[in-house]
Amino acid sequence: MIRFKRADRVGGQVKKELSDLLLKEIRDPRLDSVTIMRVSITDDLRSARIYFSVAQGEERKLSALAGFKSASGYLRRKLSRRLELRRMPELEFFYDESFDRATRAIKVLETIRNAS
């Protein structure tokens with residue numbers, strides 16, 4: 001029997017609810033087209049690392065980080081109400097570079113394929 005830690009379950013809920021908030025309630029244009037990739041929460045539920053992705057380059061990434069910094073208090077309050085947790089984790093936002101790395105790898109493979 002597979003057992004999931006509480007932090008993993010809460011992380012899944014945070015991801016789901018945060019994605020919903022971004023889609024339906026956040027009006028900040030800096031957070032348009034942002035995708036929540038994953039959420040990692042410490043075992044004591046005090047801190048949540050939220051990894052996001054956004055297309056359109058470095059400037060857009062920095063803009064999204066500024067948008068999250070500006071909206072973090074609002075998002076934390078909304079998530080706290082939705083999740084009904086005794087203590088809502090502090091939210092930290094990080095750009096997830098895995099999509100960029102995958103895109104670069106695909107380009108390299110296409111270059112190799114076209115060269116042969």
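Arginine 49 is in contact (heavy atoms within 4.5 Å) with Arg38, Val39, Ser40, Glu92 and Phe94, neighbours within four places in sequence being left aside. The residue belongs to strand S2, strands (E, at least two residues) and helices (H or I, at least four) being DSSP runs numbered from the N terminus. With a relative accessible area of 34%, arginine 49 is partly exposed, a class lying between buried (under 20%) and exposed (over 50%), as determined with a 1.4 Å probe on protein chains only. Its side chain and that of tyrosine 51 are joined by a polar contact of 3.1 Å; such a contact is a pair of N or O atoms within 3.5 Å, where within protein one atom must be able to donate a hydrogen and the other to accept it, and where residues adjacent in sequence count only if both atoms are side-chain atoms.

The model is predicted, so that local features require pLDDT of at least 70 and side-chain atom pairs pLDDT 80 or more, whereas totals for chains, interfaces and linings use all residues. Residues are numbered from 1 along each chain as its sequence is written, and side-chain values use heavy atoms, without hydrogens and water.

Across from arginine 49 in S2 stands serine 40, and isoleucine 41 is likewise placed opposite alanine 48. S1 and S2 (residues 47-53) pair in the antiparallel sense over six bridges, pairing requiring at least two bridges found by DSSP. The two strands form a hairpin with five residues between them, and leucine 45 in the turn has a positive phi of about 60°.

The open sheet consists of three strands in the order S1-S2-S3, with mixed pairing. S1 (35-41) and S3 (90-95) each have a single partner strand and stand at the edges, so one side of each lacks a neighbour in the sheet. From one strand to the next, the twist averages 25°. Helix H1 (residues 6-24) lies across S1, S2 and S3 and runs at about 150° to S1. Helix H2 also touches S1, S2 and S3, its direction making about 160° with that of S3. Angles run from 0 to 180 degrees between N-to-C directions, with axes fitted to C-alpha atoms and, for helices, over the stretch in contact.

Arginine 60 lies in H2 (residues 57-83). Arginine 60 is buried but has no salt bridge, the nearest side chain of opposite charge, aspartate 32, being 5.8 Å away. A salt bridge places a side-chain nitrogen of Lys or Arg within 4 Å of a carboxyl oxygen of Asp or Glu; Lys and Arg count as positive and Asp and Glu as negative, His and the chain ends being uncounted. The side chain of arginine 60 instead reaches the backbone oxygen of arginine 30 at 2.8 Å.
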